Amino acid sequence: MIPSLMPNYARVDVAFEKGEGVYLFDSEGRRYLDFGGGIAVNSLGHCHPHLVEALKSQVETLWHCSNLYRIPGQEKLAQRLVDNTFADSVFFANSGAEAVECGLKMIRKYHDDKGDAGRYRVITCTGGFHGRTLATIAAGGQAKHLSGFDPVVDGFDHVSFGNLNEMRAAIGDETGAILVEPVQGEGGIHTAVPEYLQGLREIADEFGLLLMIDEVQTGVGRTGKFFAHEWTGIVPDIMAIAKGLGGGFPIGACLAVEKVAHALTPGSHGSTFGGNPLAMAASNAVLDVVLADGFLGEVDRLARILWTRTRGLATAYPGIIADVRGAGLMVGLKCTGNLGQFIARAMENGLLLVPAADNVARLLPPLIISEAHIDEALGILEKTCVELGAGLGGEGS
Ligand SMILES: *Cc1c(COP(=O)(O)O)cnc(C)c1O
């Protein structure tokens, strides 16, 4: 018999009741150090006082207001995003997939407005992830997400991540844009070298293509800069963001330079819920913290400590952890043995991690962690390696 909840998730049998900073508490009162962060969503941890205050005050004032009317929180958040990025204009949605979808629609409309409606194809990278709608699974191009959902939405071509020659070779008369993640998150924490993104910018300019980046996972401070592409110095034309932007409140946004943003004329795109006052209150509160003096520098400092410590762990337990990679507070441990067992064992020991493709366990802690949390996480990871190495329910050694 079918459960009342659709069976599309393979859930771990635990329910969390309460969150406090970097910790989660389950229904039996057990405490977990949350280095999954709701998959890079809880950027300020759980129940951050500034976020709680902002939402409480908004809840007592106004929840929903249609986009038929002005929404001051949107105007404020958009201006702050514009002031702190390459972008000239912002559209608000409710999720990462919708933010990407908006960008994909803008790509088509931009070329159509120029009388180039035939330039609708977008080149994306294998191993990429852009969401679960019909268009975004086509963009991601992964068999495991596409299987059973034919016909695939037309308009996407795929090349290897990191290979500029393949990218050049894939460009045709119908190509309108390139879409990439600065760090492939779901794909297993593969980081683009700066020269790759710089090369994509050059190629886009040479062929008159738009360069769209998906910073749904890497954005809003995750890598120690406000946005990950800032490490490379490039300027994209379109950027989708979401996960960390609301600190746990569902929100997505699509940012663009002026020439592209003009594509969204009244009536051409929209959302009932996108940018509602609660989401705006949450996101403006997140930005108060993330954009405060010194915050991103501290994320970068802690990230470097986390890399050094996790690399040390991999050196000490090469039979369990084959590789450490990542950018900022987005670290992947490539496991040699069974990934599910590694993550389950870490959880039994009180540490939450997130699985990714390529047998990688992801560490995506809240951006507000301290060195003490890193110490605690490494202690648990070491215990986990020792147990798995000793064959305690593991096949990692
Ligand atoms: C999570 C993610 C998405 C999809 O976001 P949803 O909010 O689940 O729709 C898109 N792109 C990237 C890079 C992501 O990590």
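This briefing describes the ligand site and two sheets of a predicted model. Local features require pLDDT of at least 70 and side-chain atom pairs count only at pLDDT 80 or more, while totals for chains, interfaces and linings use all residues. Residues are numbered from 1 along each chain as its sequence is written, and side-chain values use heavy atoms, with hydrogens and water left out.

**Ligand site**

- The residues around the ligand (a heavy atom within 4 Å of it) are Ser95, Gly96, Ala97, Phe129, His130, Gly131, Glu181, Asp214, Val216, Gln217 and Lys243.
- This shell comprises 3 nonpolar, 5 polar and 3 charged residues; Ala, Val, Leu, Ile, Met, Phe, Trp, Tyr, Cys and Pro count as nonpolar, Asp, Glu, Lys and Arg as charged, and the others, Gly among them, as polar.
- A polar side-chain atom of Asp214 is placed 2.7 Å from a nitrogen atom of the ligand.
- Oxygen atoms of the ligand are approached by polar side-chain atoms of Gln217, at 2.8 Å, and of Lys243, at 2.6 Å.
- The ligand taken alone exposes 380 Å², of which the protein buries 82%; accessible areas come from the Shrake-Rupley method with a 1.4 Å probe.

**Antiparallel sheet**

- An open sheet of 4 strands follows the order 13-14-17-16 with antiparallel pairing; strands are DSSP runs (E, at least two residues), as are helices (H or I, at least four), numbered from the N terminus, and two strands pair if DSSP finds at least two bridges between them.
- Strand 13 (321-326) and strand 16 (354-356) each have a single partner strand, so one side of each lacks a neighbour in the sheet.
- On average, neighbouring strands of this sheet are turned by 30 degrees against each other, direction ignored.
- Strand 13 pairs with strand 14 (residues 331-335) over 5 bridges in the antiparallel sense, and Gly326 stands opposite Val331 in strand 14.
- Helix 11 (residues 295-316) lies across strand 13, strand 14 and strand 17 (360-363), at about 165 degrees to strand 13; axes are lines fitted to C-alpha atoms, for helices over the stretch in contact, and angles run from 0 to 180 degrees between N-to-C directions.

**Mixed sheet**

- Another open sheet of 4 strands has the order 1-2-3-15 and mixed pairing, with strand 1 (16-20) and strand 15 (351-352) as its edge strands.
- Strand 1 and strand 2 (residues 23-26) run antiparallel and are joined by 4 bridges; Lys18 stands opposite Phe25 in strand 2.
- Helix 13 (residues 371-389) packs on this sheet, touching strand 2, strand 3 (31-34) and strand 15, and makes about 110 degrees with the direction of strand 3; contact means heavy atoms within 4.5 Å.

Definitions and conventions
Polar contact = N/O pair within 3.5 Å; in protein donor to acceptor, adjacent residues only side chain to side chain.
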